[in-house]
Amino acid sequence: MAPARPVVVSLLRNLLLFAGLPVGLIAAWQFASQRGTLPDYLLPSPFQVVAGLVEITRDGTLTTDLSASIFRSVTGFAIATAIAVPIGIAIGWFRSVRKSTYFTLLVLMPIPITAWISLAILWFGIGDKSAIFLVALGAAVPILVNTIHGVEWVDKLFIEAALTLGTGPRQILWRIVLPAAMPSILTGLRLGLRNSWAGLVVAEMIGARSGVGYLIWDSRLMMRSDLMIVGMLLVGILGSTSDQLMSLASKLMLRWSRTDSHDG
Amino acid sequence: MMGEPKIRARGVAKHYRANNLDVRALDPLDLEIYEGEFVCLLGPSGCGKSTLLRMVAGLVTPSAGTLHMDGRLITRPSPERGLVFQEYALFPWMTVLRNVMYGPSVRGLGRAKAEQLARDQIARVGLEGFENHFPSQLSGGMKQRVGIARVWANQPDVLLMDEPFGALDSITRNVLQRDLLGLWMQERRTILFVTHSVEEAIYLADRIVVMSARPGRITAIVPIDAPRPRNLLDQDSIALRAHLTGLVEAQVIATSGGRIAAKSAVGGYVE
Ligand SMILES: Nc1ncnc2c1ncn2[C@@H]1O[C@H](COP(=O)(O)OP(=O)(O)OP(=O)(O)O)[C@@H](O)[C@H]1O
Ligand SMILES: [Mg+2]
């Protein structure tokens, strides 16, 4: 029984499983493009897409668009967190706040971010502010919902234990409720982050002159379908990178929890 | 035991309102518990044992009557009356050390003092080496040891324990009973201990307070003078067990009226 061999075998197996589909898809895509089954104007070949990426990397468009998008995303998300977490805590903890915000949130929360774009442009014009507004809005809703839920459903037992151990009623919120609700809040942050990319792309398509969303939109008008694909893939990469970072951050913060996957 | 009782309940009753129905959980009862006494509350499920304990803790307000500790009215929770939960209720986001330090630090004893107290208590319950574990990494028995250490670190005058070993397997349960008794013999704090195990009550208590089925009343108070540690298999214990089992099961039969309950009573112990 040489233990080395099964390790190598399982590594190869995993490589095949993980890389098989993407490599196969790209190969099939390239093949279809070369044969002419897939005309250029519908979907450019992988080589054209790479060429497009090289082109915008050289002329600096890529850096401009990426940095614009990342700046808007980070700013918007930070604003959403700073506003939605405290409000969510207040709504979840104080019954009167919950009642007084009930109908407002009931009507406002189901409005998709895309429906806010006109108002955003009206208020903030074309540019960063509109995009940041929509990112923040997109992130805020899941953060709010999950924070409220987390605070509302904190196990009463923790509160009773804390009270009998000498915690004053005013300290309960910070010492017990907040850490107990943390898994739910972090889930909200992660869902909010995912949601915020839709806000960013829409805002940049209509309400900005830079960013990956603008790249996707503009390349259609310019008939550059290769750059359109580049833009879409960039959004995918930005989204999954930020999601991984967020997941890492929650794992670090929730080391105490045996099951630290609270995501969907 | 004479003099002023540590805890005095006078006409304490509780009814809950749930779904527009009045639930009489506890009928008016009087009870005195003296300094350093180990009292077990024994009664069938739903008879209001937890309710009574929570009222003593100050978490629940009585619907009638008064509760005093050292002659002062109990109106709210206080670290003088520590509560140990059947569900442990450890803070899962804190390590064992942090959990046990929690009481002393929240009372403002200062970090170093709190940590010293906590480490002492962790050692007393035999959990040295587990200071940096999280509750999710512990077994049930270890969790309850932390629960006991956490309350004891506050040096409460009265320990309230609500079926603390109810969720444990019988071997772990026996070990924890023995260890709790050991802790109590070192430092005689007043303990009010809820259980529905007759054996547990006989093994631990100075006095057993037997309660009726809901609405709870006190049906008997049985003092036990036998020296500790007690052997549950000796003649006196067996007789006591039969007596108490009869008292408790009479309550179950009285309310259920069902044949199943009656049968189990008859099959059990005969006085
Ligand atoms: N918050 C509450 N609201 C409504 N009814 C309650 C509440 N708490 C307890 N009760 C009712 O009061 C009665 C006594 O409950 P309690 O928990 O004190 O019983 P117990 O003796 O501790 O039972 P067990 O041995 O099962 O723990 C039960 O019928 C229960 O349903
Ligand atoms: Mg109970």
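**Is B:N99 buried or exposed?** B:N99 is buried, with a relative accessible area of 0%. This is a predicted model, and the legends below take it one close-up at a time.

**View 1. B:N99 sits in helix α2 of chain B.** The helix covers residues 96-106. Setting aside residues up to four places away in sequence, B:N99 touches B:L90, B:F91 and B:M94. Its contacts also include B:P135, B:V146 and B:R150. The relative accessible area of B:N99 is 0%, so the residue counts as buried.

**View 2. Strand β3 of chain B is largely enclosed by the rest of the structure.** The strand spans residues 38-42, and five of its five residues are buried. Both faces are covered. On one side lie B:F38, B:C40 and B:L42. On the other lie B:V39 and B:L41.

**View 3. β3(B) pairs with β8(B) and with β9(B).** Strands of a sheet pair through backbone hydrogen bonds, either parallel or antiparallel. Five bridges join β3(B) to β8(B), residues 190-195, and the two run parallel. Here B:L42 stands opposite B:T195. Four bridges join β3(B) to β9(B), residues 207-211, and this pair also runs parallel. In β9(B), the residue opposite B:V39 is B:R207.

**View 4. B:R207 forms a salt bridge with B:E37.** Side chains of opposite charge can pair when their charged atoms come close. For B:R207 and B:E37, the closest N and O atoms are 2.5 Å apart. The pair links distant parts of the chain, 170 residues apart. B:R207 belongs to strand β9, while B:E37 is in the loop between β2 and β3 of chain B. B:R207 is buried at a relative accessible area of 16%. B:E37 is buried too, at 2%.

**View 5. B:C40 and B:C47 form no disulfide.** How far is the sulfur of B:C40 from the closest cysteine sulfur? The distance is 13 Å, to B:C47, which is too far for a bond. A disulfide would need the two sulfur atoms within 2.5 Å. B:C47 is in no disulfide either, and its nearest cysteine sulfur is that of B:C40. Both cysteines are buried: B:C40 has 0% relative accessibility, and B:C47 has 0% as well. A search of the whole structure finds zero disulfides over all chains.

**View 6. Four strands of chain B make an open sheet.** Their order is β2-β1-β4-β5, with antiparallel pairing. The edge strands are β2 (21-33) and β5 (72-73), each pairing on one side only. Two bridges join β5(B) to β4(B), residues 64-69. At this junction, the bridge partner of B:M69 is B:R72 in β5(B).

**View 7. B:R124 and B:E187 meet in a salt bridge.** The N to O distance is 3.1 Å. This pair links distant parts of the chain, 63 residues apart. B:R124 is in helix α3, residues 111-124 of chain B. B:E187 lies in the loop between α5 (170-186) and β8 of chain B. B:R124 is partly exposed, with a relative accessible area of 23%. B:E187 is also partly exposed, at 26%. Elsewhere, salt bridges that share partners join B:K6, B:E35, B:D70, B:R72, B:E80 and B:D157 into one network.

**View 8. In chain A, a salt bridge joins A:R98 and A:E152.** Their side chains meet at 3.3 Å, N to O. The partners are 54 residues apart and link distant parts of the chain. A:R98 is in helix α4, whereas A:E152 is in helix α6, residues 128-152. A:R98 is partly exposed at 24% relative accessible area. A:E152 is partly exposed at 35%. Over all chains, the structure holds 27 salt bridges.

**View 9. A nonpolar surface patch appears on chain A.** Which residues make the patch? They are A:Y102, A:F103, A:L106 and A:V107, and the patch is about 460 Å². A:Y102 is found in helix α4, residues 95-108. This tyrosine is partly exposed, with a relative accessible area of 46%.

**View 10. A:S225 is found in helix α10 of chain A.** The helix covers residues 225-253. A:S225 counts as buried, at 15% relative accessibility. Leaving out residues up to four places away in sequence, A:S225 touches A:D40, A:Y41, A:P44 and A:S219.

How values were computed:
Residues are numbered from 1 along each chain as its sequence is written. Chains are lettered from A and ligands numbered from 1 in the order in which they are written. This is a predicted model: local features need pLDDT of at least 70, side-chain atom pairs count only at pLDDT 80 or more; totals for chains, interfaces and linings use all residues. Side-chain values use heavy atoms; hydrogens and water are left out. Buried means under 20% relative accessible area, exposed over 50%, partly exposed in between (1.4 Å probe, protein chains only). Patches are made of residues with over 30% relative accessible area and no salt bridge: like charges are joined within 9 Å, nonpolar side chains (Val, Leu, Ile, Met, Phe, Trp, Tyr) within 5 Å. Accessible areas come from the Shrake-Rupley method with a 1.4 Å probe; for residues, only the protein chains shown count as cover. A salt bridge is a side-chain nitrogen of Lys or Arg within 4 Å of a carboxyl oxygen of Asp or Glu. Two strands pair if DSSP finds at least two bridges between them. Contact means heavy atoms within 4.5 Å.
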